[in-house]
Amino acid sequence: METLESELTCPICLELFEDPLLLPCAHSLCFSCAHRILLSGCSSGESIEPLSAFQCPTCRYVISLNHRGLEGLKRNVTLQNIIDRFQKASLSGPNSPSESRRDRPYRPNPSMSVGGERIACQFCEQDPPRDAVKTCITCEVSYCDRCLRATHPNKKPFTSHRLVEPVPDAHFRGLTCLEHENEKVNMYCVADDQLICALCKLVGRHRDHQVASLSDRFEKLKQTLETNLTNLVKRNSELENQMAKLIQICQQVEVNTAMHEAKLMEECDELMEIIRQRKQVIAVKIKETKVMKLRKLAQQVANCRQCLERSTVLINQAEHILKENDHARFLQTARNVAERVAMATASSQVLIPDINFNDAFENFALDFSREKKLLEGLDYLTAPNPPSVREELCTASHDTITVHWISEDEFSVSSYELQYTIFTGQANFISLYNSMDSWMIVPNIKQNHYTVHGLQSGTRYIFLVKAINQAGSRNSEPARLKTNSQPFKLDPKMAHKKLKISNDGLQMEKDESSLKKSHTPERFSGTGCYGAAGNVFIDSGCHYWEVVVGSSTWYAIGVAYKSAPKNEWIGKNSSSWVFSRCNNNFVVRHNNKEMLVEVHPQMKRLGVLLDYDNNALSFYDPANSLHLHTFEVSFILPVCPTFTIWNKSLMILSGLPAPDFIDYPEQQECNCRPQESPYVSGMKACH
């Protein structure tokens with residue numbers, strides 16, 4: 001009891017702990033003693049405010065407090081319960097449970113079985129083990145008398161262990177409440193995450209906490225554990241597979257390293273062999289040149305020696321004659337020698353051989369600077385840089401596009417590949433870019449340009465250029481290029497009999513005297529209007545043409561189905577859509593419904609944009625970059641460009657690229673005159 005009491009004594013007040021606090025260093029301290037420690041740290045001249053830290057009186061560990069002060073430390077509830085039981089035991093005398101736990105000897109208990117099951121000592125080394133006499137709740141182990149005395153002497157920390165009658169290992173864990181003796185746990189505190197008894201919920205510190213039944217908590221925890229265990233097993237399996245793959249990759253790295261090292265040695269050996277062979281070839285050439293030069297020089301030396309010998313003989317003869325004093329003899333012998341000396345002097349250039357003193361090897365200038373740079377740059381071949389499409393150099397016709405591109409490292413490119421497809425809109429571009437099924441491919445291009453044939457007229461395409469070598473390939477940024485509009489001419493077989501069509505088929509003019517043409521079903525036959533049509537029917541693409549209206553003040557320009565009536569103004573039926581001028585009124589007409597359009601009265605040229613794929617027919621004033629009107633039409637048949645005049649003439653300009661301002665027609669302001677109804681039926685001036 002004295003040993004136990006010393007363990008339950010506060011180191012400050014030397015009394016049993018009262019409302020003990022559990023310090024972070026695992027020691028305990030009375031709440032009031034801790035409060036006095038804080039107050040004692042304040043000087044008398046300062047305001048009495050507790051400190052935010054103090055030292056543990058047992059181990060001198062610095063205890064830091066939060067804004068709650070001592071209230072922020074946990075209460076040592078277990079220690080307080082031990083003190084309470086100790087005080088009760090002290091009042092009960094020598095037969096108290098605390099005393100009997102150590103002082104009374106253990107005797108074999110014939111009723112130590114639970115439900116007929118004998119409990120064996122879990123600490124015995126003999127076989128079979130002896131019967132247990134006690135189960136330590138703290139250790140969660142059952143002991144026989146001998147093992148209990150050996151493992152639980154009457155000294156700390158074993159004096160605080162709780163011993164009960166032997167129970168099976170599967171039943172004693174959590175069997176009784178730690179705060180209420182002999183009370184079985186029968187519920188679970190969710191707030192504190194621990195087992196409690198009914199008294200804990202009714203009168204204990206868990207009375208305001210959320211609790212759950214043991215079965216619910218059991219099922220929930222079991223399900224969570226099973227799920228986590230399944231995930232853990234699955235993760236371990238994945239980790240094992242991943243580790244096996246990594247090991248396999250490591251082995252492959254070793255194999256690849258050896259292969260590339262062998263390839264490197266082979267390539268370098270080949271380079272050195274080539275250098276050795278070239279060295280031998282060049283050395284042979286140098287030696288051959290040396291022999292040739294020395295042979296020439298030796299011949300020149302021999303020639304010089306012969307000339308020198310002849311000159312020396314002639315000089316000796318002349319000197320000998322000069323010593324002759326007899327005039328007659330001198331004249332007789334000197335004449336021949338004098339002629340020979342004069343001849344030798346006059347022809348000295350002939351007698352002296354042409355000597356070449358050039359000792360240089362001008363044909364063998366060695367400059368390996370380029371090769372040295374190449375050797376210094378020896379490395380693994382990498383994929384070429386992406387080429388760039390030069391849109392400013394690209395050209396187009398109505399069915400072809402010539403694509404030009406440049407590459408920064410053409411030296412490393414083995415070939416190019418051109419890919420193209422129809423551009424269907426920016427919204428679909430990403431999916432179109434990721435799916436290469438709809439792309440046309442032109443492989444193995446060696447130059448940096450290519451002409452694609454057989455394209456649709458007036459259609460926008462996307463082009464990609466891929467630079468390829470042995471190391472890989474890289475694509476250029478996508479370029480959008482467009483074919484020109486479909487060119488066409490006026491069809492004289494469809495023109496009204498009172499129209500004169502020019503020889504080039506691009507101009508129509510009213511001609512009352514032209515009545516010799518025969519009437520056919522496809523020819524325009526109106527009495528107050530004279531119509532003509534183009535020689536094409538358009539069923540796809542985006543096409544632009546312009547009409548020079550000149551001084552004509554009565555015309556209609558648009559498109560029509562082949563089935564449109566030929567005996568009336570176009571636009572007065574459901575098969576034609578036109579822009580029309582009737583004197584000073586400008587209107588757009590379809591199905592005999594008209595809408596006024598504000599147009600400059602001096603407009604001399606009208607632009608027509610037929611976007612068949614997007615179901616739109618638009619009219620423009622190209623001189624002023626103005627959008628006049630757009631018909632939204634769901635075309636179901638091919639359409640033909642159609643023209644009607646009442647006076648003067650019209651000239652057609654077809655196959656034109658659309659002007660830049662037409663690329664974004666939504667930015668252009670429509671000049672349609674607002675009215676209550678968008679259409680005004682039957683303007684008299686246009687009948």
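Start your tour by selecting arginine 370 and glutamate 371: their side chains meet in a salt bridge, with N and O 3.4 Å apart. Keep in mind as you look around that this is a predicted model. Arginine 370 is exposed, with a relative accessible area of 56%, while glutamate 371 counts as partly exposed at 31%.

Next, select Asp19, Glu71 and Arg75. Salt bridges that share partners join Asp19, Glu71 and Arg75 into one network.

Now go to helix 8, which covers residues 214-322. Select glutamate 267 and lysine 263 there, and you will find a salt bridge whose closest N and O atoms are 3.1 Å apart. How many residues apart are the two in helix 8? They are 4 residues apart, a separation of about one helical turn. Colour the pair by accessibility if your viewer allows. Glutamate 267 is partly exposed, at 34% relative accessibility, and lysine 263 is also partly exposed, at 42%.

For the last pair, select aspartate 131 and arginine 118. This salt bridge has its closest N and O atoms 2.3 Å apart. Where in the chain do aspartate 131 and arginine 118 lie? Both sit in the loop between helix 4 (97-103) and strand 6 (134-136), so the salt bridge ties together parts that are 13 residues apart in sequence. Is arginine 118 buried or exposed? Arginine 118 counts as exposed, at 53% relative accessibility. Its partner, aspartate 131, has 33% and counts as partly exposed.

Would you like to keep exploring? The count for this model comes to 16 salt bridges.

Terms used: Residues are numbered from 1 along each chain as its sequence is written. This is a predicted model: local features need pLDDT of at least 70, side-chain atom pairs count only at pLDDT 80 or more; totals for chains, interfaces and linings use all residues. Side-chain values use heavy atoms; hydrogens and water are left out. A salt bridge is a side-chain nitrogen of Lys or Arg within 4 Å of a carboxyl oxygen of Asp or Glu. Buried means under 20% relative accessible area, exposed over 50%, partly exposed in between (1.4 Å probe, protein chains only).
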